Amino acid sequence: MKWTKEALQYMNNVPFFVREKARKKVEEWARQKGVGEITMNEVMEARSKMTARDPNAPPPAKPRIAVVRCNIVSEVCPGVGCLNSFNKREQHFARYGPDAELIGFFTCGGCCGRRVSRLVEKLLPYDLTHVHLSSCMLLEGDYPRCPFKEQIKKTIQAKGVEVIEGTHH
Ligand code: SF4
Ligand code: SF4
């Protein structure tokens, strides 16, 4: 099957011991989609499928939550508002009981959210169930609204994790 130069270059960065298996999976995905050439689109879609939560796995016993926040805003905010709101189960965390755990708090890695996919994958083995998008990504005010919000949301949802918009306001 034909590959674009960009897609091939990406695959060259996959560790050699899993590269062949990954290449076959991408080609299998491209055949299912009926496309004749593999672009970065097919590579990223296949990657999302391979790393998503198994939809047949039993649901985790309790909510295990992460917050993704804006990399730009993180320069000036230590995250107190988000964490305080979680600890008190207020605003967008009011839905959880005392058994909920915050297992991750990370920035998107800068526009256009390049770190999100990788870090969500890292949390899947820890039974991540929900990711909250920080309120500063959503509101126009002291900080600009994130123009990549929908893309970031889809990236997380593709891994079988629920996305909730907002944290503390
Ligand atoms: S939502 Fe508020 S507390 Fe949370 S990271 Fe953004 S600015 Fe900071
Ligand atoms: S992608 Fe959105 S959340 Fe991330 S740094 Fe850019 S504006 Fe902020």
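Helices (H or I, at least four residues) and strands (E, at least two) are DSSP runs, numbered from the N terminus. By that convention the protein holds 7 helices and 6 strands. The model is predicted, and local features need pLDDT of at least 70, side-chain atom pairs count only at pLDDT 80 or more, while totals for chains, interfaces and linings use all residues. Residues are numbered from 1 along each chain as its sequence is written, and chains are lettered from A and ligands numbered from 1 in the order in which they are written.

**The whole chain**

Begin with the full C-alpha trace, which spans about 55 × 40 × 25 Å along its principal axes. Followed from the N terminus, the elements run β-α-α-β-α-β-α-β-α-β-α-α-β. Of the 169 residues, 24% are buried; a residue is buried if 20 or more other C-beta atoms lie within 10 Å of its own, exposed if 12 or fewer, and partly exposed in between, with C-beta atoms placed from the backbone. Two residues are in contact if their C-beta atoms, placed from the backbone, lie within 7 Å. Among contacts in the protein with a separation of 6 or more, 74% join residues 24 or more positions apart.

**Two domains**

Next, colour residues 2-51 and 64-165 separately: these are domain 1 and domain 2 in the domain assignment. The bounds come from an automatic or database domain assignment. The C-alpha centres of domain 1 and domain 2 are 28 Å apart.

Then select residues 64-168, which an unreviewed UniProt entry lists as "domain: CGGC". UniProt positions are given in the numbering used here, feature names are shortened, and annotations may be inferred rather than shown by experiment. The span is 29% helix and 20% strand, and its end C-alpha atoms lie 18 Å apart.

**Helix α4**

Select α4, residues 80-88. Cys 82, Ser 85 and Phe 86 are its residues to show first as sticks, and they are buried. They sit on the same side of α4 because they cover an arc of only 100° around the axis, the arc being that of the directions from the helix axis to the C-beta atoms. The cover over these buried residues includes β3 (64-69) and β4. Turn the helix over to see the exposed residues Val 80, Asn 87 and Lys 88 on the face directed away from the buried side.

Just after α4, Arg 89 has a positive phi of about 55°. Arg 89 lies in the loop between α4 and β4 and counts as partly exposed because it has 13 C-beta neighbours inside 10 Å.

**The shell around ligand 1**

Display ligand 1 with its surrounding residues: Arg 69, Val 73, Cys 77, Gly 79, Val 80, Gly 81, Cys 82, Ser 134, Ser 135, Cys 136, Thr 167 and His 168. A residue belongs here if its C-beta atom, placed from the backbone, lies within 6 Å of the molecule. Both α4 and α6 supply at least two residues each, and the largest share, 3 residues, comes from α4. By class, the shell has 5 nonpolar, 6 polar and 1 charged residues; Ala, Val, Leu, Ile, Met, Phe, Trp, Tyr, Cys and Pro count as nonpolar, Asp, Glu, Lys and Arg as charged, and the others, Gly among them, as polar.

Within this shell, centre on Ser 135, in helix α6 (residues 135-138). Is Ser 135 buried or exposed? Ser 135 counts as buried, because it has 23 C-beta neighbours inside 10 Å. Leaving aside neighbours within four places in sequence, Ser 135 is in contact with Gly 166, Thr 167, His 168 and His 169. From Ser 135 to His 168 the C-alpha separation is 6.3 Å, although 33 residues separate them in sequence.

**The shell around ligand 2**

Move to ligand 2, which is surrounded by Cys 70, Asn 71, Ile 72, Cys 108, Gly 110, Cys 111, Cys 112, Gly 113, Met 137, Cys 146 and Phe 148. This shell divides into 8 nonpolar, 3 polar and no charged residues.

Zoom in on the peptide bond from Cys 111 to Cys 112, which is cis, with omega near 10°. Cys 112 lies in the loop between β4 (101-107) and α5 (116-123).

**A last stop at Asp 127**

Finally, select Asp 127, in the loop between α5 and β5 (130-133). Asp 127 is not a glycine, yet its phi is positive, at about 65°. With 16 C-beta neighbours inside 10 Å, Asp 127 counts as partly exposed.
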